[in-house]
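Q: I would like a close look at one part of this model, a strand and the loop that leads into it. Please start with the whole chain and then work inwards.
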Amino acid sequence: MARGETLWHLDELTPEHFRPVAQQGELFLAYLNLRAVGTFTCQRSDPLFWPQIPVGTSAFLHKVAVRREVAGQGVATAMVVWAKEQARAAGLSYLRLDTDFNRPKLRSFYERLGFTCVGEKHLTRLGYPLHVALYELKL
């Protein structure tokens with residue numbers, strides 16, 4: 001995964017951004033020895049990156065992040081595997097995500113977990129240009 005490289009802008013990591021996600025039960029924390037060491041969101045729709053996907057068919061991973069001091073210890077893998085198991089248990093067909101197109105190490109991480117790149121997209125979010133790779137994993 002990208003180590004110490006900025007992936008998101010601070011104005012998209014605010015309590016106002018995460019509050020509705022948390023209230024909907026879509027914000028998750030990973031713990032190691034009673035300490036929060038990772039986080040991600042897992043949602044049932046993604047109108048920005050995947051507007052063509054019908055609600056109820058997929059889960060969408062976003063904001064996968066791990067504390068630097070536990071990087072490389074399998075926390076990110078465990079979070080993605082857990083999300084995959086939850087999506088499968090919910091009867092969904094796919095786990096999907098987007099990631100920075102120009103991050104080969106990050107993309108390789110998802111590919112090692114079985115995700116396939118199915119496209120790319122250029123768009124603007126919060127005034128920032130994005131070039132993302134779109135990945136999916138059939139469940």
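How much area does the chain expose, and what share of it do carbon and sulfur atoms supply? Then please turn to strand β2 (35-43) and the loop between β1 and β2.

A: The exposed area of the chain is about 7,900 Å², and 54% of it comes from carbon and sulfur atoms. Areas follow the Shrake-Rupley method with a 1.4 Å probe; for residues, only the protein chains shown count as cover. This is a predicted model: local features need pLDDT of at least 70, side-chain atom pairs count only at pLDDT 80 or more, and totals for chains, interfaces and linings use all residues. Residues are numbered from 1 along each chain as its sequence is written, and side-chain values use heavy atoms, with hydrogens and water left out.

The whole chain comes before the part. It has 3 helices and 6 strands, in the order α-β-β-β-α-β-α-β-β from the N terminus. The radius of gyration is 14 Å, close to the 14 Å of the globule rule for 139 residues, so the chain is as compact as a globular protein of that length. Helices (H or I, at least four residues) and strands (E, at least two) are DSSP runs, numbered from the N terminus. The radius is taken over C-alpha atoms, and the rule is 2.2 Å times the number of residues to the power 0.38. The C-alpha trace spans about 40 × 35 × 30 Å along its principal axes.

Of the 139 residues, 38% are buried. Buried means under 20% relative accessible area, exposed over 50%, and partly exposed in between (1.4 Å probe, protein chains only). Among contacts (heavy atoms within 4.5 Å) with a separation of 6 or more, 60% join residues 24 or more positions apart. Side chains carry 17 positive and 13 negative charges, and the centres of the two sets lie 5 Å apart. Lys and Arg count as positive, Asp and Glu as negative; His and the chain ends are not counted. Each charge is placed at NZ of Lys, CZ of Arg, CG of Asp or CD of Glu.

Now the loop. Asn33 sits between β1 (27-32) and β2 (35-43). Asn33 is not a glycine, yet its phi is positive, about 55 degrees. Its relative accessibility is 72%, so Asn33 is exposed. Leu34 lies in the loop between β1 and β2 too. Phi of Leu34 is also positive, near 65 degrees. Leu34 is exposed, at 84%.

Next, the strand. Arg35 belongs to β2. Arg35 is partly exposed, at 37%. Leaving out residues up to four places away in sequence, Arg35 touches Ala30, Arg67 and Glu69. Leu134 is 99 residues from Arg35 in sequence, and their C-alpha atoms are 31 Å apart.

Thr41 is also in β2. Thr41 is buried, with 4% relative accessibility. With residues up to four places away in sequence again left out, its partners are Phe18, Val21, Glu26, Leu27, Phe60, Leu61 and His62.

Cys42 comes last. Cys42 is buried, at 14%. Its sulfur is 19 Å from the closest cysteine sulfur, that of Cys117, which is too far for a bond. Cys117 is partly exposed, at 32%. The structure holds 0 disulfides, a disulfide being a pair of cysteine sulfur atoms within 2.5 Å.
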